[in-house]
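Got the viewer open? Here's a short walk through the model, one selection after another.

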Amino acid sequence: MRVVKLFIGALLMLFSIACKKHKKVNEIENTSIEDKLTLPYFNSPDFTPDWSLAKHKIPDFSFINQNNDTITNQDYKGNIYIANFFFTSCPGLCTELTTNMKTLQKTYNNDPEIKLLSHSVMPWFDTPEILKNYAITNGINDTKWNLVTGNKNELYDIARNGYFSDSDFIEEKDNEDFIHTENFILVDKNGYIRGVYNGTLAIDVQRLIRHIEILKN
């Protein structure tokens with residue numbers, strides 16, 4: 001009988017130790033998962049993620065929106081925002097980009113923390129009046145989403161050197177060459193790039209939405 005009691009006692013002790021180890025492993029795993037629930041910074045045009053240091057901030061800008069108002073960094077200060085590049089007469093790619101930006105507008109329409117910013121890459125055609133008509137046609141909420149135009153050189157410079165958003169651009173090409181990009185760029189409240197997504201793919205837009213929630217939390 002004494003041997004049986006000792007055997008049962010040993011089993012209970014081993015079980016207790018195993019439970020404690022299992023609990024500790026879960027705590028470590030959960031901590032690891034929580035640590036990963038942060039977004040990296042993107043400091044270079046190759047979009048290499050960097051979890052350690054924020055180096056590249058979106059430069060100061062000043063453009064004109066669909067209401068003929070001047071839009072600057074200050075209008076986005078303290079907000080998470082999604083930026084992209086388009087032009088109103090684009091029949092294919094830009095239609096998909098606008099459709100998916102409208103999905104983001106609908107998702108965050110009542111969330112003042114989230115804003116949208118679309119830059120025209122054909123500013124010689126996309127005047128504020130043209131942008132306004134485009135906004136009305138597409139049901140764009142101008143308190144949430146600015147469509148901006150302005151000086152071509154400034155727009156192209158911020159696309160390439162600010163948002164790293166010209167997928168076809170290399171140093172050997174002419175700086176005047178047309179901007180081509182499918183990117184949606186996620187920018188945090190401090191002006192740092194925290195994500196890049198294919199704006200034509202609904203699945204990538206859903207990934208963007210998940211990342212926005214991580215950034216908010």
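Start by selecting Phe61 and Phe63: Phe61 is buried, and so is Phe63 (buried is under 20% relative accessible area, exposed over 50%, partly exposed in between, with a 1.4 Å probe and protein chains only). Their rings form a stacked aromatic pair, 5.8 Å centre to centre with 15° between the planes. For the cut-offs: rings of Phe, Tyr and Trp (its six-membered ring) pair if their centres lie within 6.5 Å, and planes under 30 degrees apart count as stacked, over 60 as edge-to-face and the rest as tilted. The structure holds 7 aromatic pairs.

A quick word on what you're looking at. This is a predicted model, where local features need pLDDT of at least 70 and side-chain atom pairs count only at pLDDT 80 or more, while totals for chains, interfaces and linings use all residues. Residues are numbered from 1 along each chain as its sequence is written, and side-chain values use heavy atoms, with hydrogens and water left out.

Next, pick Tyr76 and Tyr81. Why does this pair count as tilted? The ring centres of Tyr76 and Tyr81 are 4.7 Å apart and the planes are at 50°, so the pair is tilted. Tyr76 is buried, at a relative accessible area of 3%, and Tyr81 is buried too, at 4%.

Keep Tyr76 on screen and add Lys115: the charged end of Lys115 sits over the Tyr76 ring, 5.6 Å from its centre. That label needs NZ of Lys or CZ of Arg within 6 Å of the ring centre and within 35 degrees of the ring normal. Now jump to Arg194, whose charged end sits over the ring of Tyr41, 4.0 Å from the centre. For one more aromatic stop, select Phe42, Phe47 and Phe164, which form one cluster.

Switch to cartoon and colour strand E6, residues 114-120. (Strands, E, at least two residues, and helices, H or I, at least four, are DSSP runs numbered from the N terminus.) How many of its 7 residues are buried? In E6 the count is 6, so to speak mostly covered. Add strand E5 (residues 80-86), which pairs with E6 in the parallel sense over 7 bridges; pairing takes at least two DSSP bridges between the strands. Ile82 stands opposite Leu116 of E6.

On the E7 side (residues 145-149), E6 and E7 pair in the parallel sense over 4 bridges. Label Leu117 and you'll find its bridge partner in E7, Asn146.

Finally, show the helices. E5, helix H2 (residues 93-107) and E6 make a right-handed β-α-β unit. Right-handed here means that, with the strands pointing away from the viewer, the path from the first strand over the helix to the second runs clockwise. E6, helix H3 (residues 128-137) and E7 also make a right-handed β-α-β unit.
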